[in-house]
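User: I am new to this structure and would like a close look at a single part, with the rest brought in afterwards for context. Please take your time and connect the points as you go.

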Amino acid sequence: MKEILKKMYGLEPMSIEHSAVGAGSDTYFVTCTDGKYVVKYPASSEINHLEQEPELCEYLNHHGIPCCRFLRNSTGKFLTSDTDGRLFHVQRFIEGRMYDWHEAPDWLLTQSAQMLGRIHTALKDYPGLPVGIGRDFFQFMTPERAFKSYENSLAIAKDRGDTDSIRDLQYRMELMRRFPKQEFDLEQLTCRATHGDFFITQILCGDGKINAVIDWTTACVHPVVWEIVRSYVYAVPSCKNGEIDKDGFARYVSEYLKFAALNDSDLRCMVSLFYYQIAVCDYYGQYYSSTAGNRHIYLRQAVFSTKLLRWLEEHS
């Protein structure tokens, strides 16, 4: 890595540290004679679009959204291939603290909601991003398909003796058997370019303020309300066990609305849309199929989303 960074970027690395944060991607913190940088190998996935991230971040920085700043290599490109053919980016290091799930202080909850509203407003007319949760998602991600996926994951869990996962997967299978029929009219929802993975560990914080929003590899077009709900439940301390404080969530939405608009359909469907998505997505399957060293993050996500499902089913 030292040789290719010197050849392609003119950098002189003094030390390279591998990051344990994040799921799937390989990230390295590189200290050079002229400062610190981040080298990231995004995970190979259909939802990762590493080629779009640098220009998107340039656009966002220009529109007042603090995020990653990428270096061009000696050929003028943002993407570089290493000797094994793997593609990577080089970014300038951004100072800041990263809060863990359910550790957001009140000021960060407020600024997180406001920042997401600012992002959606800035990206209102941004073209070319792929569709995330759209018609294809609802045609493919059905309760019937989810049941089969959970069935496969359950077999693996039983083979490995993963008692907790067995219990959760059996619950999810039973939920799919009785899952209510739900249809969402995407024409009536606000669907816009968004971060795609905006939640607490993608936010670098300074002293009472957000320094930057990082990791835009999964940027896409979603119903914006999905990202609002998801960012809240992973950040607020009261949701650690899957319980959603309705008053707290209403305050979060009100902060978002200071910078972006939602229509009546958005407000009516926001929680049910999020509920549907976490119900039909097999995070346990992601965990079992992953070969990443930090694959435990998928299991953590699986366990938490199941807690949310139990609470949402009871309170829907």
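Analyst: The part to look at closely is helix α11, which covers residues 296-315 of this predicted model. At 1.5 Å a residue, the 20 residues of α11 should span 28 Å, and because the C-alpha atoms at the two ends lie 29 Å apart, the expected and computed values agree.

Which residues of α11 are buried? Early in the helix they are Ile297, Tyr298, Gln301 and Ala302, and the list goes on with Phe304, Ser305, Thr306, Leu308, Leu309, Trp311 and Leu312. As for what these side chains meet, the buried residues of α11 pack against five named helices, namely α6 (163-177), α7 (224-235), α8 (246-256), α9 (264-280) and α10 (283-289).

Elsewhere in the chain, another helix is placed against strands. Helix α1, made of residues 2-9, lies across β1, β2 (26-32), β3 (35-41), β4 and β5, and runs at about 70° to β5. These strands belong to an open sheet of 5 strands, whose pairing is antiparallel and whose order is β1-β2-β3-β5-β4. The edges of the sheet are taken by β1 (13-18) and β4 (80-81), and since each has a single partner strand, one side of each is left without a neighbour in the sheet. For β4 that partner can be described further: 2 bridges join β4 to β5 (residues 87-92), with the two strands antiparallel, and Ser81 has Leu87 of β5 as its bridge partner.

A separate antiparallel pair is formed by β7 (residues 203-205) and β8 (residues 210-213), which are joined by 3 bridges. Cys205 is paired by a bridge with Ile210 in β8, and among the 4 residues between the strands of this hairpin, Gly208 takes a positive phi near 75°.

Finally, the cysteines deserve a careful word. The structure holds 0 disulfides. Cys32 is in no disulfide, and the nearest cysteine sulfur, that of Cys68, is 17 Å away; with a relative accessible area of 4%, Cys32 is also buried. For Cys57, the closest cysteine sulfur is that of Cys67 at 4.0 Å, which is too far for a bond, because a disulfide is counted when the sulfur atoms are within 2.5 Å. Cys57 likewise counts as buried, at 0% relative accessibility.

Key: Residues numbered from 1 in each chain as written. Predicted model: local features only at pLDDT ≥ 70, side-chain atom pairs only at ≥ 80, totals over all residues. Heavy atoms only, no water. Pairing = 2+ DSSP bridges. Contact = heavy atoms within 4.5 Å. Axes fitted to C-alpha atoms, helices over the stretch in contact; angles between N-to-C directions. Expected span 1.5 Å × (residues − 1). Buried < 20%, exposed > 50% of the residue type's maximum accessible area, 1.4 Å probe, protein only.
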